[in-house]
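Let's take a walk through this protein together. Please keep the sequence and the model side by side as you read.

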Amino acid sequence: MPGPDPHRSVRDAFAAECTRLSEVLATLDDTDLTRPTDCPPWNLAQLLAHVHTGVGRLTDMLADPAPAQAHVDAAEYFGTAKFTPPVDADRIASAQASADVDSASRLAAEFDRAWRTTVAAVDAYPPDRVVRTRHGDAMTVTEFLRTRVLEVGVHGLDLAAALDRPAWLTPAAAQVIADLLTGGRDVPAELGWDRLTLIAKATGRSPRSAAEQALLDSAGLRLLSFGRS
């Protein structure tokens, strides 16, 4: 009996997490957009602009000619080149410049349209279609979509914190993100972490204690790490 389709699992996780975020955005009012976040210097509108841009990137990438072959996977995508000071500065400035929406309802509608357009574009191509990122990485659609699940899910934790709401991370996205952060390995049972805790600890949303790091080290498990923005 064939196992789960990896591409379908990632595609469905992306759709599920974006659907959940769309539902949250529909509950916001205009005053929420100026709330500060734990991704300084962005306020909530600017962080959402960053997420919106990230969700929509794949549509344009699929419209471009396909590279001959993929060279990196999702884990390799989150390399040091993505978090150098110049790249971070450009990422921050881009979100600030594009966050010109002062209507929460309009922002919600634009995000909803962006992710649905991306899913439609993904569904129009085979999962092994190769795309090129803005950083020059050649990746399969499935692997790049995996990075989008992480971006939407992890920044969803930041948005929940800014809104003083419980985290809304969907189980499907949590699975994809946890597997990416750990390379598909189990974390030591002694840690007692569920997937939400693992994701928060791995991404700096929650600190890791010396004892927790020692358990990871003894298991030879190095978690994928990257910046908050």
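What follows moves from the overall fold to the core, then to the helix pairs and a few single residues.

Keep in mind from the start that this is a predicted model. The protein chain contains 9 helices and 2 strands. Read from the N terminus on, its elements follow the order α-α-α-α-α-β-β-α-α-α-α. The chain has 229 residues, of which 49% count as buried. If you take the contacts between residues at least 6 apart in sequence, 74% of them join residues at least 24 apart.

Now look at the interior. The largest nonpolar core has 67 residues, and the members that touch the most others are Phe14, Val55, Leu58 and Ile177. At least two residues of this core come from each of H1 (6–25), H2 (44–63), H3 (74–77), H5 (104–123), H6 (141–162), H7 (171–182) and H8 (195–202). H6 gives the largest share, with 11 residues.

Phe14 is a good place to pause. Beyond its neighbours within four places in sequence, Phe14 is in contact with Val55, Trp115, Thr118 and Val119, and also with Leu145, Arg148, Val149 and Val152. Val55, itself one of the core residues with the most contacts to other members, is thus a good next stop on the tour.

Val55 belongs to the set of H2 residues that meet H5. How do H2 and H5 lie relative to each other? Their axes come within 8 Å and cross at roughly 30°, and because angles under 35 degrees count as roughly parallel, the two helices are roughly parallel to each other. H2 passes H5 in a left-handed crossing. On the H2 side the meeting residues are Leu48, Val51, His52, Val55, Gly56, Leu58, Thr59 and Leu62, while H5 brings Leu107, Glu110, Phe111, Ala114, Trp115, Thr117, Thr118, Ala121 and Val122. By class, this contact has 11 nonpolar, 5 polar and 1 charged residues.

Next, turn to H1 and H6. Their axes come within 9 Å, with a crossing of roughly 30°, and that makes H1 roughly parallel to H6. Here, too, the crossing is left-handed. H1 contributes His7, Val10, Arg11, Ala13, Phe14, Glu17, Cys18 and Leu21, and H6 contributes Val141, Thr142, Leu145, Arg146, Arg148, Val149, Val152, Gly153 and Leu159. Sorted by class, the contact of H1 with H6 holds 10 nonpolar, 3 polar and 4 charged residues.

H1 also packs against H7. In this pair the angle is about 125° and the axes are 8 Å apart, and H1 and H7 are therefore oblique to each other. H1 passes H7 in a left-handed crossing. Ser9, Val10, Ala13 and Glu17 in H1 meet Ala172, Ala173 and Val176 in H7. The classes here are 5 nonpolar, 1 polar and 1 charged.

Two residues of that last contact deserve a closer look. Glu17 lies in H1; is it buried or exposed? Glu17 is buried, with a relative accessible area of 1%. Leaving aside neighbours within four places in sequence, Glu17 is in contact with Val152, Gly153, Trp168, Leu169, Thr170 and Ala173. Its C-alpha atom is separated by 9.6 Å from that of Leu150, although the two residues are 133 residues apart along the chain.

Ala173 sits in H7 and is buried, with a relative accessible area of 0%. Not counting residues up to four places away in sequence, Ala173 touches Ala13, Glu17 and Val149. Leu150 comes up again here: Ala173 and Leu150 are 23 residues apart in sequence, and 7.5 Å apart in space from C-alpha to C-alpha.

Finally, visit the strands. Thr133 is found in the loop between E1 (130–132) and E2 (138–140). Is this loop residue buried or exposed? Thr133 is buried, with a relative accessible area of 6%. Apart from residues up to four places away in sequence, Thr133 touches Met61, Tyr77, Met139 and Phe144.

Technical notes: Residues are numbered from 1 along each chain as its sequence is written. This is a predicted model: local features need pLDDT of at least 70, side-chain atom pairs count only at pLDDT 80 or more; totals for chains, interfaces and linings use all residues. Side-chain values use heavy atoms; hydrogens and water are left out. A nonpolar core is a set of buried Ala, Val, Leu, Ile, Met, Phe, Trp, Tyr and Cys residues joined through side-chain atoms within 4.5 Å. Buried means under 20% relative accessible area, exposed over 50%, partly exposed in between (1.4 Å probe, protein chains only). Helices (H or I, at least four residues) and strands (E, at least two) are DSSP runs, numbered from the N terminus. Contact means heavy atoms within 4.5 Å. Axes are lines fitted to C-alpha atoms, for helices over the stretch in contact, and angles run from 0 to 180 degrees between N-to-C directions. Angles under 35 degrees count as roughly parallel, over 145 as roughly antiparallel, 65 to 115 as roughly perpendicular and the rest as oblique. A crossing is left-handed if the near helix is turned anticlockwise from the far one by less than a right angle, and right-handed if clockwise. Ala, Val, Leu, Ile, Met, Phe, Trp, Tyr, Cys and Pro count as nonpolar, Asp, Glu, Lys and Arg as charged, and the others, Gly among them, as polar.
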